[in-house]
Amino acid sequence: MTAGQMQPGGLLMPGAPRPKHHPFANLFPMLAEDRRETFRASLAENQNHPIVLHRGLILDGRNRERELVALGKPVAYVVFNGTDRQALDFVKAENLERRDLTESQRAMIAAKIATLRLGDNQHSAQPAPVGAPSLFAKEDASEPATEEPPSISQSDAADMMNVGRRSVQRATVVQEKGAPELQQAVEQGRVAVSTAADISEALPKEQQTQVA
């Protein structure tokens, strides 16, 4: 990441509208509930790192923003002004550095990456205001959505997350056929993606929920 991609931001004051989460940030799970209290306590005195916004959405720092809002504190932010692909690479690097993810968790993330359709945001484009609509939302919801191919192939997504393409294919099965509880179990590292894929194909969703 170059210095020119990160621009000065400001403060989100208590009571101000909260920016939504960027789809790239949502590729990764939020902090587990049993760790929130400790994390919030670490922010009570000082926010050491600003959250990062891209096109008016939280690209990095969702957990920090959530706990600072709960504490009634201002939230410092900076603005990432690179392209969508650079924003995705930034999120991936930040999260892989901070998190200890299993292969199955990384495969689930790669499967989600392989469904993304990136825009053409250029370095010269002005960042959207805080709280702006998602770059993935259609301006006129009454128009039918057009089918466009993903910007990133399964093979490329697998390389990005350092997993095999077969693991990504299994993760895709879980995301398409698995019950939400089963998907969550894989994303939390409690069930292997290969096992979850077999369950997704063999059992109806009601039974999958019981298994998960």
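Which residue stands opposite Phe80 in β4? Met6 does, and the views below start from that part of this predicted model.

**View 1. The whole protein, before zooming in.** Here's the cast list: the protein has 9 helices and 4 strands. If you walk along the sequence, you meet them in the pattern β-α-β-β-α-β-α-α-α-α-α-α-α. Of the 212 residues, 39% are buried. The accessible surface adds up to about 11,800 Å², and carbon and sulfur atoms own 48% of that. Now take the contacts in the protein with a separation of 6 or more: 81% of them are between residues 24 or more positions apart.

**View 2. Four strands side by side.** This close-up shows an open sheet made of 4 strands, in the order β1-β4-β2-β3, with mixed pairing. β1 (6–12) and β3 (57–60) stand at the edges with a single partner strand each, so each has one side without a neighbour in the sheet. Going from one strand to the next, the twist averages 40°.

**View 3. How β4 pairs with its partners.** Let's look at β1 and β4: they run antiparallel and are joined by 5 bridges. This is where you can find Met6 opposite Phe80. Strand β2 (residues 51–54) pairs with strand β4 (residues 75–80) too, this time in the parallel sense and over 3 bridges. Two pairs of residues to look for here are Ile51 with its bridge partner Tyr77 in β4, and Leu53 with its bridge partner Val79 in β4. How many of the 6 residues of β4 are buried? The count is 5 of the 6, so the strand is largely enclosed by the rest of the structure.

**View 4. Two helices lying across the sheet.** Start with α2, which lies across β2, β3 and β4 and runs at about 120° to β3. Then find helix α3 (residues 84–98), which lies across β1, β2, β3 and β4 and runs at about 50° to β3.

**View 5. A pair of rings, Phe80 and Phe90.** To describe a pair of aromatic rings, you give the distance of the centres and the angle of the planes. The count for this protein is 1 aromatic pair. The ring centres of Phe80 and Phe90 are 5.3 Å apart and the planes sit at 25°, so this pair is stacked. Phe80 belongs to strand β4 and Phe90 to helix α3, so the pair ties together parts that are 10 residues apart in sequence. Are these two residues buried or exposed? Phe80 counts as buried, at 1% relative accessibility. Phe90 is buried as well, with a relative accessible area of 9%.

**View 6. Asn63 and its surroundings.** Asn63 lies in helix α2 (residues 62–71). Its relative accessible area is 14%, and that makes Asn63 a buried residue because the cut-off is under 20%. What does the side chain of Asn63 reach? It gets to the backbone nitrogen of Leu31, at 3.0 Å. If you skip the neighbours within four places in sequence, Asn63 is in contact with Met30, Leu31, Phe39 and Arg99.

**View 7. Helix α4 under cover.** In helix α4 (residues 103–113), 9 of the 11 residues are buried, so the helix is largely enclosed by the rest of the structure. The buried ones are Ser104, Gln105, Arg106, Ala107, Met108, Ile109, Ala110, Ala111 and Ile113. An α-helix has 3.6 residues a turn, so residues three or four places apart point the same way. Which helices help to cover the buried residues of α4? The cover includes α3, α5 (154–160), α6 (165–177), α7 (180–187) and α8 (193–202).

**View 8. Val211 and the residues around it.** For the last stop, look for Val211 in helix α9 (residues 205–211). Leaving out neighbours within four places in sequence, Val211 is in contact with Ile199 and Leu203. Now find Leu182: it is 29 residues from Val211 in sequence, yet their C-alpha atoms are 7.9 Å apart in space.

Note on methods:
Residues numbered from 1 in each chain as written. Predicted model: local features only at pLDDT ≥ 70, side-chain atom pairs only at ≥ 80, totals over all residues. Heavy atoms only, no water. Buried < 20%, exposed > 50% of the residue type's maximum accessible area, 1.4 Å probe, protein only. Contact = heavy atoms within 4.5 Å. Areas by Shrake-Rupley, 256 points an atom, 1.4 Å probe, with all protein chains shown as cover. Polar contact = N/O pair within 3.5 Å; in protein donor to acceptor, adjacent residues only side chain to side chain. Pairing = 2+ DSSP bridges. Axes fitted to C-alpha atoms, helices over the stretch in contact; angles between N-to-C directions. Phe/Tyr/Trp six-rings, centres within 6.5 Å; stacked < 30°, edge-to-face > 60°.
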